[in-house]
Amino acid sequence: MRSWDSMDDFEAFLDGGGLVEPDDDMPDAYREAVFRFIELHANSEYMGGLTERDWIAKAPGLTNKLTALAKTQDEIGHAHLLYMVAADMGVKTRDEMTADLLAGRTTFHNVFHYRAYSWGDQIAIAYLVDAAALASQQAVFKNCSYGPYKRILRRIIAEEGFHMRNGEELLLKMAKGTAQQHEMMQEGLDRWWWPAVQLFGPDTGPDDVLLRWHIKSERNEVLRDKFVQKMVPQLQAAGFSIPDPDLRQDPETGRWISGEIDWDALKAAIAGRGPDSARRLNDARLAWDGAAWVRSALDEAAAVPA
Amino acid sequence: MGGPREMVLALADDELCIGQNLAWWIAVGPFLEEDLALTSISQDELGHARALYGLLGDDIDALAYGRQPHEYRSAHLTELPCRDWGETLVRHFLYDTAETVRWAALADSSWEALGAVARRALAEERSHLRHASGLLSRLLRTEAGRSQLLPLFDQFTPLACELFELPPDCAADGLVAAGIIARPMSDQRAEWQAAVDDTLAEAGYQPQWPEHADPASAANGRTGLRSPHFAALHAEMVEVLALDPTARW
């Protein structure tokens with residue numbers, strides 16, 4: 001176990017590229033901040049799984065069904081790994097984290113407070129949301145100071161990369177498909193564009209501890225801008241429009257500039273007042289409560305020798 | 001189709017329905033490890049469906065999703081939604097115990113491609129069965145587990161017997177003679193029933209097995225009669241495909 005005499009020493013360790021491990025005597029504020037960040041990530045993977053599961057049963061064809069199922073399974077697998085890493089920090093147990101999530105005491109990302117209404121939405125999630133999440137995760141991974149988190153991010157990023165490429169492939173099929181497919185895809189993009197842009201969050205404040213402690217390595221606005229620069233030309237090339245009437249291209253730099261972003265929508269979603277927040281949490285609660293007997297019976301069986 | 005092809009269609013339809021129903025459990029199981037396990041099994045079963053349909057034709061989606069309900073041959077057990085986790089576990093145990101017996105009887109099939117599918121599936125089936133048996137035996141050591149699960153066996157075993165029935169036009173006797181299956185379905189069913197009895201005997205329970213004068217009279221799904229649950233299951237499977245039959249997804 002390593003310990004540091006002062007926050008200055010600890011921060012110097014982080015600035016030098018040091019990796020913090022669970023048995024280190026890390027400052028409480030750091031432990032709390034990293035824990036909250038990982039818990040939010042875990043909750044979001046779990047709720048992302050619930051968002052996508054509506055369309056697994058309806059996925060067109062066996063190959064799409066198997067791919068959609070594997071993708072959602074990856075998300076639940078990420079949630080599982082992240083909850084274990086978070087629990088190891090000794091702030092809350094896995095059960096406490098689940099209870100807090102289901103009671104609305106903790107949060108998950110804005111995008112998973114929306115409902116997927118069509119197969120086009122399912123593709124828009126893979127194409128836009130997975131790409132946005134991947135960009136954020138890569139930026140965390142790059143300079144991440146908490147060892148266990150950095151190690152599982154490597155795996156998560158590899159899998160999210162597959163999801164994003166699957167989203168690109170399916171989007172192109174829709175682009176080249178029938179008029180109905182094109183329309184379905186455009187509607188999906190219309191619904192998911194802004195939530196994906198908002199996922200990056202408002203501009204990073206001047207003294208964000210997550211940047212200082214090397215959890216984040218990049219400012220929100222920089223990541224968001226990269227996303228917009230990448231997605232706008234791709235979508236336009238595929239024949240889709242961006243649901244942002246004020247979107248414009250800087251005539252000199254050629255960079256795309258978004259219209260005004262509605263941060264109130266982001267705040268409302270995260271606060272549990274998004275369009276599908278209530279149903280999402282209710283589904284999760286019903287499932288969790290419905291299987292309570294299984295968990296307690298397994299605990300009971302574990303306590304009694306066979 | 002006739003003969004072995006009808007049999008393969010029935011097995012494929014079982015896998016398609018089971019896989020579809022198990023996939024429902026992603027993110028809503030008793031804990032995340034269990035979500036991951038059931039959806040891995042779902043992927044395996046859907047993979048078996050794909051391999052079996054692939055023995056019957058090149059257009060797998062047309063076989064899996066392009067038929068009218070009366071053209072499916074699934075056993076009614078596989079069509080049950082089982083939205084209660086206890087129901088899913090009991091069906092999972094009955095089904096994967098049955099599959100282990102069924103695949104073993106196909107592993108050395110004279111239809112070589114079918115034998116190859118069966119050998120690959122058998123390895124996976126054994127791990128599915130370990131999963132089901134492990135949970136079941138732990139839960140049956142508790143009062144809550146016994147009261148939740150044991151009544152379900154009496155509810156499901158009559159339906160599960162159909163897993164060892166074959167469609168009427170597949171000339172089951174000829175399949176053994178031709179070396180397509182190693183032994184008659186009735187022998188396989190007896191082995192499966194004994195395995196189920198053994199597991200439940202550990203909990204001091206004897207399930208009630210149906211006594212049919214004519215076992216084939218229970219084989220409704222194999223004749224093309226669909227259970228009341230099939231319509232919703234099928235509607236979900238084909239919802240997007242049905243929007244435009246000319247579209248490629």
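**Helices, core and chain contacts in a predicted two-chain model**

Ala171(B) is located in the loop that lies between H7 and helix H8 (172-177) of chain B, where helices (H or I, at least four residues) and strands (E, at least two) are DSSP runs numbered from the N terminus. The model is a predicted one, in which local features need pLDDT of at least 70 and side-chain atom pairs count only at pLDDT 80 or more, whereas totals for chains, interfaces and linings use all residues. Residues are numbered from 1 along each chain as its sequence is written, and chains are lettered from A and ligands numbered from 1 in the order in which they are written.

The phi of Ala171(B) is positive, near 50 degrees, in a residue other than glycine. Ala171(B) is partly exposed, with 16 other C-beta atoms within 10 Å; a residue counts as buried if 20 or more other C-beta atoms, placed from the backbone, lie within 10 Å of its own, as exposed if 12 or fewer do, and as partly exposed in between. A positive phi, of about 75 degrees, is also found at Ala27(B), which is not a glycine and which lies in the loop between H1 and H2 of chain B. Ala27(B) has 26 C-beta neighbours inside 10 Å and therefore counts as buried.

Chain B as a whole contains 11 helices and 0 strands. Its radius of gyration is 17 Å, close to the 18 Å that the globule rule gives for 249 residues, so chain B is as compact as a globular protein of that length; the radius is taken over C-alpha atoms, and the rule is 2.2 Å times the number of residues to the power 0.38. Of the 249 residues in chain B, 49% are buried.

Within chain B, helix H6 (residues 112-139) has 28 residues, and its end C-alpha atoms are 40 Å apart, in agreement with the 40 Å expected at 1.5 Å a residue, the expected span being 1.5 Å times one less than the number of residues. H6(B) nevertheless bends by about 25 degrees at Leu122(B), a bend being the angle between axes fitted to the seven residues ending at a position and the seven starting there. The buried residues of H6(B) include Leu114(B), Glu125(B), His128(B) and Leu139(B), and the helices against which the buried residues of H6(B) pack include H12 of chain A and helix H1 (3-23) of chain B.

In chain A, helix H5 (residues 119-143) has 25 residues and reaches 36 Å from its first C-alpha to its last, with a bend of about 30 degrees at Ile125(A). H5(A) is mostly covered, as 18 of its 25 residues are buried. The largest nonpolar core, a set of buried Ala, Val, Leu, Ile, Met, Phe, Trp, Tyr and Cys residues joined through C-beta atoms within 7 Å, has 149 residues, and those touching the most other members are Ile123(A), Leu128(A), Val129(A), Ala132(A) and Ala196(A). H5(A) gives the most to this core, with 13 residues.

Between the chains, 38 residues of chain A are in contact with 39 residues of chain B, contact being defined by C-beta atoms, placed from the backbone, that lie within 7 Å. H3(A) gives the most to the side of chain A that touches chain B, with 12 residues.

Conventions: Contact = placed C-beta atoms within 7 Å.
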